[in-house]
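Biologist: Could you take me through one helix of this model at close range, and then show me what lies around it? I'd like the cut-offs spelled out as you go.

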Amino acid sequence: MDCEKRIALTGFMGVGKSSVARHLAFLLRCDRIDLDALIEANEHRKIADIIDSDGEAVYRRIETENLKRALNKTGVRILSLGGGTWTIAENRELIRKRGMTSVWLESSFTHCWNNIRFSKKERPLARNKRSAQKLFDSRQELYCLADWHFIVKSDRTSFDIARQIAEEVFS
Ligand code: S3P
């Protein structure tokens, strides 16, 4: 397995980026960073609090700063992004410049929405189905810019997806 390769996982909220990243890091025995978790640890508050009190624009700046920190950490080969990280051109450029391979976990809106609805994680940009669907639709063409696409369906576990990525991307 080519464990020199470093990957950034993108995709809409609720698709399972963090779970796939966790399994992938286990399978490849690599270190990983979850960008949302890094932001919350460094900012000492929840992402929902940042977006609700300071607005999305401020949150995006914080997100880019933390993306830079994550990319500068040596030895980290798996990075799970927030659902909006990859949609910002500057972030895509940073990820590419660091030589990371981008992987889009592609799924239907229904699949993501069902996970969002039943998740404990608060997602201020997906509080109602209509606005979440609009965001989902508008982001497809940007997620499409990732190097690899893997289809996530309800009958496949996040471990199945991680194994497929490990076999195909890292072989
Ligand atoms: C966001 C997705 C969230 C989090 C923030 C904004 C987005 O991460 O970064 O609420 O813009 O899609 P998840 O995709 O891990 O839920």
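**A close look at helix H5**

Modeller: Right after H5, Gly99 has a positive phi of about 75°. Keep in mind that this is a predicted model: local features need pLDDT of at least 70, side-chain atom pairs count only at pLDDT 80 or more, and totals for chains, interfaces and linings use all residues. Residues are numbered from 1 along each chain as its sequence is written, and side-chain values use heavy atoms, with hydrogens and water left out.

H5 itself covers residues 89-97, and Asn91, Arg92 and Ile95 are buried in it. Helices (H or I, at least four residues) and strands (E, at least two) are DSSP runs, numbered from the N terminus. Buried means under 20% relative accessible area, exposed over 50%, and partly exposed in between, with a 1.4 Å probe and protein chains only. Those three buried residues sit on the same side of H5, because they cover an arc of only 100° around the axis; the arc is taken from the directions from the helix axis to the C-beta atoms.

What do the buried residues of H5 pack against? They meet S1, helix H4 (56-72) and helix H7 (129-143), where contact means heavy atoms within 4.5 Å.

Follow S1 and you're in the sheet. Its five strands run in the order S2-S3-S1-S4-S5, as an open sheet with parallel pairing; two strands pair if DSSP finds at least two bridges between them. At the edges are S2 (31-34) and S5 (148-151), each pairing on one side only. S1 (residues 7-10) and S3 (residues 76-80) share three bridges in the parallel sense, and Ala8 has Leu79 of S3 as its bridge partner.

Leu79 turns up again in the largest nonpolar core, which has 51 residues; Ile7, Ile78, Leu79, Leu105 and Ile165 have the most contacts inside it. Such a core is a set of buried Ala, Val, Leu, Ile, Met, Phe, Trp, Tyr and Cys residues joined through side-chain atoms within 4.5 Å. Setting aside neighbours within four places in sequence, Ile165 touches Ile7, Leu9, Val20, Leu24, Val103, Leu105, Phe150 and Phe170.

And the cysteines? There are zero disulfides (sulfur pairs within 2.5 Å). The sulfur of Cys112 is 14 Å from the closest cysteine sulfur, in Cys144, so that's too far for a bond. Cys112 counts as buried because its relative accessibility is 1%, while Cys144, at 42%, counts as partly exposed.
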